[in-house]
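Subject: Structure handover

Hello,

Here is the structure I promised to pass on. Please open it beside this email and follow along.

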Amino acid sequence: MRFLIVSRIYRPEPSAASFFLGGVADALTSAGHEVEVLTAKPLPGQGEGSRGERISTFPVLRDASGYVRGYVQYMSFDVPLAFRLLFAKRPAAVFVEPPPTTGAVVRVICAIRRIPYVYDAADIWSDAAGHATSSGLVVRVLRWLETFAMRGAASMVTISQGVVDRVRALGVRAPIAVTGFGADTEVFGYEDREIERTFIYAGTYTPLHGAEVLVDAFAEFSRTHPGYRLRFIGNSTEQEPMRQRAENLGVGAAVEFAEAVPAEELRPQLASALASLATLRPGGGYEYAFTSKAYSSLATGCPVIFAGPGPTAPFIERAAAEAPVGAAVDYSPAAIAEAMRNIADHPRTPAQRRQVAEWTAAHHSMRSVTERVADTVVRVGGGAAAAHGGSAPDGSGENPASDGSAASGEQKPRPDLSGFFGAIASWAVKHRSKMPRWAQRTMESAARNPDGLVGRLAGRLLGGGSAPVTTVPEAEVRVYIAPTNYAGQGYLWGRALETADSRIAARNMAVELPGGFAFPADTLVPIAAVNASSEWAEAEWEAARRFTHVLVEAERSMFGKRFGRDLEAEIAALEAEGISVAFLCHGTDVRDPDRHMELTPWSPYLDDPRVDDLREDARENLALLGRLRRPTFISTPDLAVEVPSASWCPVVVDPERFASDGPVLSGGPARVIHASSNAVQKGSDRIEPALAELVAEGLVEYELITAVPTSEMPRVFSAADIVLDQFRLGSYGVAACEAMAAGRIVVGHVLPFVRERVLRDFGIELPIVEATPDTLREVIEGLVRDPERSRRIAAAGPAFVRRVHSGEASARALIDGWIERPSGR
């Protein structure tokens with residue numbers, strides 16, 4: 001196939017983006033694809049950038065430092081780009097690098113030519129602009145352009161979950177692949193050089209980075225350690241103020257400022273530096289960003305001192321357990337200066353620096369990252385080629401009958417109103433419980449019978465056309481997880497498997513429902529496409545049959561129309577291909593309402609109007625599990641009552657994402673919250689009456705949390721003292737684990753046999769305080785009046801989550817109970 005890469009910057013210009021995009025081009029060309037890059041004309045003397053791809057350049061305006069930076073400069077690239085892209089030989093897909101103005105141009109032209117594109121959302125430009133300008137208008141326009149570019153993408157790629165969360169908070173629902181970031185280990189590697197008394201900051205530094213703190217820290221360090229140098233290498237608008245700051249602090253002669261240099265020239269400087277430096281200013285709204293410059297430094301064996309918030313600090317701290325990679329410290333001159341002293345007094349030995357370089361090459365190679373990005377681009381392009389009738393005879397993916405215009409005999413596409421009807425459907429689903437019963441029945445009919453009249457009509461209105469198809473990884477063991485991804489668990493189980501065993505690569509496919517929560521997924525497919533698109537169903541089946549293992553979530557069919565929505569037929573076809581199949585039960589899919597009402601008087605099925613449908617579904621699913629007798633897992637321990645032979649695969653949360661150092665019961669009314677995603681199942685209506693007297697007395701403040709994006713939940717939990725989970729099911733799930741990871745006091749109704757199962761399997765008590773609607777007032781009052789005991793309970797939460805719910809135990813359950821079982825059965 002043929003692909004276009006669009007970026008204002010590309011090799012040989014020295015930048016992290018250039019290295020990254022070049023790596024994507026290399027991955028595509030090495031896989032046999034044709035690649036053309038539409039970019040800016042480089043500066044004279046920078047050399048040749050092509051390694052097999054065709055690079056098409058165009059003159060642009062540059063700033064005083066020679067960089068394509070600034071809105072006038074961006075437009076000098078974007079305006080010609082519109083024509084270049086409009087008349088370019090048709091690609092299967094386009095991969096576009098920000099700024100958002102470029103992304104907006106690509107969306108418009110790709111819509112005209114009906115070409116899918118992949119957007120690189122490495123960070124959020126409009127967030128950065130909010131701190132670089134005082135103009136609210138500029139920020140609003142840039143925000144609109146950025147979300148416009150993102151929403152039109154067939155898929156996006158990014159470096160971290162933090163960016164995913166921020167994108168979702170902006171209301172963008174396009175599929176996102178978290179591909180990570182790394183170092184170009186073909187360029188950056190260990191060199192045995194004499195270590196100089198120099199600290200290096202290599203890369204762009206803006207007000208968001210707050211690199212001026214390094215000048216202050218170096219001045220403090222120099223009082224006890226004279227004779228060292230601090231060198232900044234890269235582009236910045238902050239250079240002159242920082243130079244003046246160094247002069248004022250008396251270290252002007254020891255602080256150097258150099259222009260950006262090619263990677264080949266940067267490598268020896270890092271190899272001989274005492275340490276490299278990286279910063280991120282706290283409170284800048286950019287805390288989700290990862291300072292990727294750390295990777296290149298570590299690849300040469302140079303340790304890193306990082307100061308600031310965000311995911312870089314936990315990365316450094318975890319890595320330090322495996323190699324002497326450096327230190328993460330507070331964003332303050334004193335903390336940074338102290339880290340500099342430690343490095344200066346105890347410099348890394350050549351053997352230690354070699355160890356750091358080898359560790360980085362093994363775990364954070366840019367090649368593996370760019371291959372994952374290339375996989376996403378190929379997947380998007382492959383779906384487009386299928387939609388256009390396959391590749392052209394020359395294998396380029398070009399359709400000879402189409403040049404992007406309305407040629408003779410070619411029908412113009414009808415206006416796409418699926419977004420309008422999708423918004424209506426999302427609103428209806430979110431307000432379902434408040435709607436008339438007939439409206440609820442109509443929605444249920446569309447979901448339960450997609451081939452019926454209502455289901456077919458819904459598919460047409462919501463746009464049941466082309467959709468993303470899962471990419472098949474190259475690995476010894478390939479695990480496909482589908483199709484529900486409740487609370488993002490399918491995605492997280494996949495990541496847990498990959499972390500636990502390097503032989504395993506996992507991909508999850510999730511069906512996207514209108515009004516659903518924005519959880520991460522490897523492949524997110526709109527329900528309309530699953531229900532209505534034969535082309536998608538065939539393509540997804542062709543991808544799934546190339547995996548070695550398939551984990552079926554909630555006993556749901558995975559391939560739409562391909563096997564008539566018959567899960568048993570799907571499993572028979574998979575096993576005929578030699579694929580091992582297992583089941584993972586989530587909850588209502590197997591929970592028998594009658595049995596549950598015998599377990600607890602608080603059972604939600606006493607009040608749930610769907611009880612007849614839920615009973616029928618659960619019994620059908622239990623019968624299917626009994627007939628097939630394949631390896632079966634449960635996500636919560638209470639389900640062992642329904643499936644006694646199943647193994648427990650605990651739900652997964654990221655302890656670091658929810659970790660909080662916020663105090664608990666530090667004075668004043670206790671802040672009590674309840675996050676409700678399903679009022680009937682959680683018993684939400686029983687809480688407020690139980691707490692009314694405590695609220696009136698001023699002992700507690702209570703807030704019901706609803707419709708909050710998943711990206712905001714760490715902040716929500718961190719601000720609470722007590723988190724109320726559920727009071728009807730008798731178990732606990734993802735929300736309780738997130739609250740425990742945040743070190744909050746968690747209260748809920750958990751049946752004794754569930755607590756016993758936790759203790760038996762892991763040798764650790766479940767730190768959830770027991771309460772029912774009848775005892776809730778008394779329990780909360782006791783917790784508030786005994787803060788020392790309550791803090792001890794809260795403090796037990798993070799360790800419990802790391803032990804049981806961080807993914808290690810879940811991966812072990814799947815590997816031991818299925819993947820490594822003889823014959824997989």
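Below is what I found, from the whole chain down to single residues.

**The whole chain**

Keep in mind that this is a predicted model. The protein chain has 825 residues, and 57% of them count as buried. It holds 32 helices and 25 strands. Now look at contacts between residues at least 6 apart in sequence. Of these, 72% join residues at least 24 apart.

**Two nonpolar cores**

Some background first. In soluble globular proteins, nonpolar side chains tend to be buried together.

In this model, the largest nonpolar core has 70 residues. Which residues have the most contacts inside it? They are Tyr 480, Met 558, Tyr 732 and Met 740. Helix H28, residues 734–741, gives the most to this core, with six residues. Another core lies apart from it and has 51 residues. Val 118, Ile 233, Leu 270 and Leu 298 are among them.

Leu 270 takes us to helix H9, which covers residues 263–272. Its buried residues are Ala 263, Leu 266, Pro 268, Leu 270, Ala 271 and Ser 272. What do they pack against? The partners are helices H1, H10 (293–299) and H13 (350–363), along with strands S8 (198–202), S9 (229–233) and S11 (275–279).

**Ala 741 in H28**

Go back to helix H28, where you will find Ala 741. Its relative accessible area is 5%, under the 20% cut-off, so Ala 741 is buried. Setting aside neighbours within four places in sequence, Ala 741 touches Pro 655, Phe 658, Ala 659, Pro 798 and Val 801. Check Glu 656 too. It is 85 residues from Ala 741 in sequence, yet the two C-alpha atoms are 8.0 Å apart in space.

**Helix H18 and its partner H32**

Helix H18 runs from 489 to 500. Its length can be checked. At 1.5 Å a residue, its twelve residues should span 16 Å, because the expected span is 1.5 Å times one less than the number of residues. The end C-alpha atoms are 16 Å apart, which agrees. Buried residues in H18 are Gln 489, Gly 490, Tyr 491, Trp 493, Gly 494, Arg 495, Ala 496 and Leu 497.

H18 meets helix H32, residues 808–819. Their axes come within 8 Å and cross at roughly 80°. Angles of 65 to 115 degrees count as roughly perpendicular, so H18 and H32 are roughly perpendicular to each other. From H18, the contact uses Trp 493, Ala 496, Leu 497 and Ala 500. From H32, it uses Ser 810, Ala 811, Leu 814, Ile 815 and Ile 819. By class, that contact has eight nonpolar residues, one polar and no charged.

**Helices H30 and H31**

Here is a second crossing. Helix H30 (residues 776–785) and helix H31 (residues 787–804) have axes that come within 5 Å and cross at roughly 100°. H30 and H31 are therefore roughly perpendicular to each other. Leu 783, Val 784 and Arg 785 of H30 meet Pro 787, Arg 789, Ser 790 and Ile 793 of H31. How do the residues in the contact of H30 with H31 divide by class? Four are nonpolar, one is polar and two are charged.

**Loops**

Start with the loop between strand S1 (2–6) and helix H1 (16–30), where Ser 7 sits. Is Ser 7 buried or exposed? Its relative accessibility is 0%, so Ser 7 counts as buried. Beyond neighbours within four places in sequence, Ser 7 contacts Leu 21, Leu 38, Thr 39, Ala 40, Phe 77 and Glu 97.

Pro 12 lies in the loop between S1 and H1 as well. A cis peptide bond joins Arg 11 to Pro 12, with omega about 20°. Another cis peptide bond links Ala 482 and Pro 483, with omega about 0°. Pro 483 is in the loop between strand S14 (477–482) and H18.

Two arginines have a positive phi. For Arg 114, phi is near 55°. Arg 114 lies between helix H3 (100–113) and strand S5 (117–120), in a loop. Its relative accessibility is 47%, so Arg 114 counts as partly exposed. For Arg 565, phi is near 60°. That residue is in the loop between strand S17 (549–553) and helix H21 (567–576).

Best wishes

How values were computed: Residues are numbered from 1 along each chain as its sequence is written. Side-chain values use heavy atoms; hydrogens and water are left out. Helices (H or I, at least four residues) and strands (E, at least two) are DSSP runs, numbered from the N terminus. Buried means under 20% relative accessible area, exposed over 50%, partly exposed in between (1.4 Å probe, protein chains only). Contact means heavy atoms within 4.5 Å. Axes are lines fitted to C-alpha atoms, for helices over the stretch in contact, and angles run from 0 to 180 degrees between N-to-C directions. Angles under 35 degrees count as roughly parallel, over 145 as roughly antiparallel, 65 to 115 as roughly perpendicular and the rest as oblique. Ala, Val, Leu, Ile, Met, Phe, Trp, Tyr, Cys and Pro count as nonpolar, Asp, Glu, Lys and Arg as charged, and the others, Gly among them, as polar. A nonpolar core is a set of buried Ala, Val, Leu, Ile, Met, Phe, Trp, Tyr and Cys residues joined through side-chain atoms within 4.5 Å.
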